[in-house]
Amino acid sequence: MTTSSVMSSLSFRQLQYVVAVADAGQISAAARELYVSQSAVTMAVQEVERQLRAELFVRGPRGVVLSPAGRAFLPKARRILQLMDDATLVATSDTDLRGNIQVGVTYTVMAYFVPHHLQRLRAMFPQVEISWLELDRPEVEDLLHSGHLDLGLVLTSNIRRRELDHETLVHSRRRLWHAPGHALGDLPEVRLTDVAEHPYVQLTVDEADYTTRSYWGGLSPRVLLETSSIEAVRSIVANGDGVAILSDMVYRPWSLEGKKVDTVVLRDPVPDMRIGLAWHRAVSFTPAMTALREYFRGQFDTADQRP
C-alpha cells in the first residue's frame, strides 16, 4: 500500500487523536483535551501505526515522544486536518442565516470552553450576532426565566430552576490533583478517606464548594484555604501545599511558576463536571438558536464524551 493510499484510508478522528497525543506528550492528557476515553485514543494511535507499519511514538514511564517516523508524519497530519477543517467551514457556512442570540455563560465555561468555538461560529454563521454574557449561574437562570437570555451555556449539573430544559454536551471527569512526589501519588489506589488526611485547596467559583460537599458524604476535606482562582489552586497544589479534586476541563499540567501538577483517578465515585446548553422550556427556538444548538451537538460525539 502506498503512502498516499494509507493517508486516504485514515479517518479525521484518527489523525486528530495522533496530533493531540503529539502535542500533549501523554495519551491520558490527550484524552482529557479531547473529552474522550484513554482507550479510544490508544486504539486510534495503534490503528494509524498498524496502517503505516511504523511506530509513531516511543513509549516511556512519563509519556510518549515522537519517533523519527512520527516526526515525519506529524506535519502532514496537521496539514490534512487544517485542510479538512477549512473545507468543513466552507461547506457548512450559512451566509443566509441571520439573527441575534443572547447567551449567558458561567465563569468556568467562559474561560475553558467558549474561546475554542468563537472563530468557528463566526466563520459558519457570519450574519448571526451572538452576544456572550459572563454571569453566575443564578443570574443565567433568572434571565432565561425572564426571557432576557435566549440560551445559557452552563454547568448543567448545577441547574436549579425546574422550568429550564438543558442538554449536556460534555462530561469532564474530576480527578485528584497533587504535586509530583506527594504521598497520595504513591498509593495503589486513592480514596476520599485518604484525601481527607491532607490539606485541601477548595475552589469556590461556579459553586465548586457546593459540588464538593455533595460527594464527600459524611467526610469533610481539611480545607487549607478557599479561592475563586483556578490558577491559585494550581500553584498551591504544584507547590505541594495541598491537593484538590477538579475536572479535566480546567486541568493544565503546569502552574504559572512552571511547576508540575499530576493527577490520579479516585477509587470512590466522584461526579463528572457536565457542560451544556440550557433554555426556558416555553421558548420557541429561532433558526439562529437551532443552528447554535446543532453546532455544539456536532462538536461532541456523545458515545465518546466520558474520559
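**Close-up A. The buried side of helix H12 in this predicted model.** Ala288, Met289, Ala291, Leu292, Arg293, Tyr295 and Phe296 are the buried residues of H12. A good mix of elements covers them, including helix H7 (115–124) and strand E12 (273–280). Also on the list of covering elements are strands E3 (99–105), E4 (128–134), E5 (151–155) and E6 (164–172). As for the helix itself, H12 runs over residues 287–299, 13 residues in total. From first C-alpha to last, H12 reaches 19 Å, close to the 18 Å expected at 1.5 Å a residue.

**Close-up B. Helix H3, tucked in among its neighbours.** How many of the eight residues of H3 are buried? Seven of them are, so H3 is largely enclosed by the rest of the structure. Those buried residues are Ile27, Ser28, Ala29, Ala30, Ala31, Arg32 and Leu34. They pack against two helices, H2 and H4 (38–52), and two strands, E7 (174–178) and E11 (262–264). Keep an eye on what comes just after H3, too: Tyr35 takes a positive phi of about 60 degrees.

**Close-up C. Where H2 meets H3.** Here we look at helix H2 (residues 12–24) against helix H3 (residues 27–34), with axes that come within 8 Å and cross at roughly 120 degrees. That angle makes H2 oblique to H3, since roughly perpendicular covers 65 to 115 degrees. The crossing of this pair is right-handed. On the H2 side, the residues to find are Gln16, Tyr17, Ala20, Val21 and Ala24; on the H3 side, they are Ile27, Ala29, Ala30 and Leu34. Sorted by class, this contact has eight nonpolar residues, one polar and no charged ones.

**Close-up D. Where H3 meets H4.** Now for the other helix pair: the axes of H3 and H4 come within 8 Å, and they cross at roughly 115 degrees. H3 and H4 are therefore roughly perpendicular to each other. H3 passes H4 in a right-handed crossing. From H3, the residues making the contact are Ile27, Ser28, Ala31 and Leu34, and they meet Gln38, Val41 and Thr42 of H4. By class, that gives four nonpolar and three polar residues in the contact of H3 with H4, with no charged residue. Ile27 and Leu34 also turn up in the contact with H2.

**Close-up E. His178 in strand E7.** Is His178 buried or exposed? His178 is buried, with a relative accessible area of 5%. Its host strand, E7, is one of the elements that the buried residues of H3 pack against. Setting aside neighbours within four places in sequence, His178 is in contact with four valines and more: Val237, Val243, Val261 and Val264, plus Gly185, Asp262 and Thr263.

**Close-up F. His198, in the loop between H9 and E8.** This histidine sits in the loop after helix H9 (192–195) and before strand E8 (199–203). His198 is buried, with a relative accessible area of 18%, which counts as buried because the cut-off is under 20%. Which residues does His198 contact, leaving aside its neighbours within four places in sequence? They are His182, Ala183, Leu184 and Arg222. Don't look for Arg120 in this view: His198 and Arg120 are 78 residues apart in sequence and 43 Å apart in space, C-alpha to C-alpha.

How values were computed. Residues numbered from 1 in each chain as written. Predicted model: local features only at pLDDT ≥ 70, side-chain atom pairs only at ≥ 80, totals over all residues. Heavy atoms only, no water. Axes fitted to C-alpha atoms, helices over the stretch in contact; angles between N-to-C directions. Helix = DSSP H or I, 4+ residues; strand = E, 2+ residues; numbered from the N terminus. Parallel < 35°, antiparallel > 145°, perpendicular 65-115°, else oblique. Left-handed = near helix turned anticlockwise from the far one by under 90°. Contact = heavy atoms within 4.5 Å. Nonpolar A, V, L, I, M, F, W, Y, C, P; charged D, E, K, R; others polar. Expected span 1.5 Å × (residues − 1). Buried < 20%, exposed > 50% of the residue type's maximum accessible area, 1.4 Å probe, protein only.
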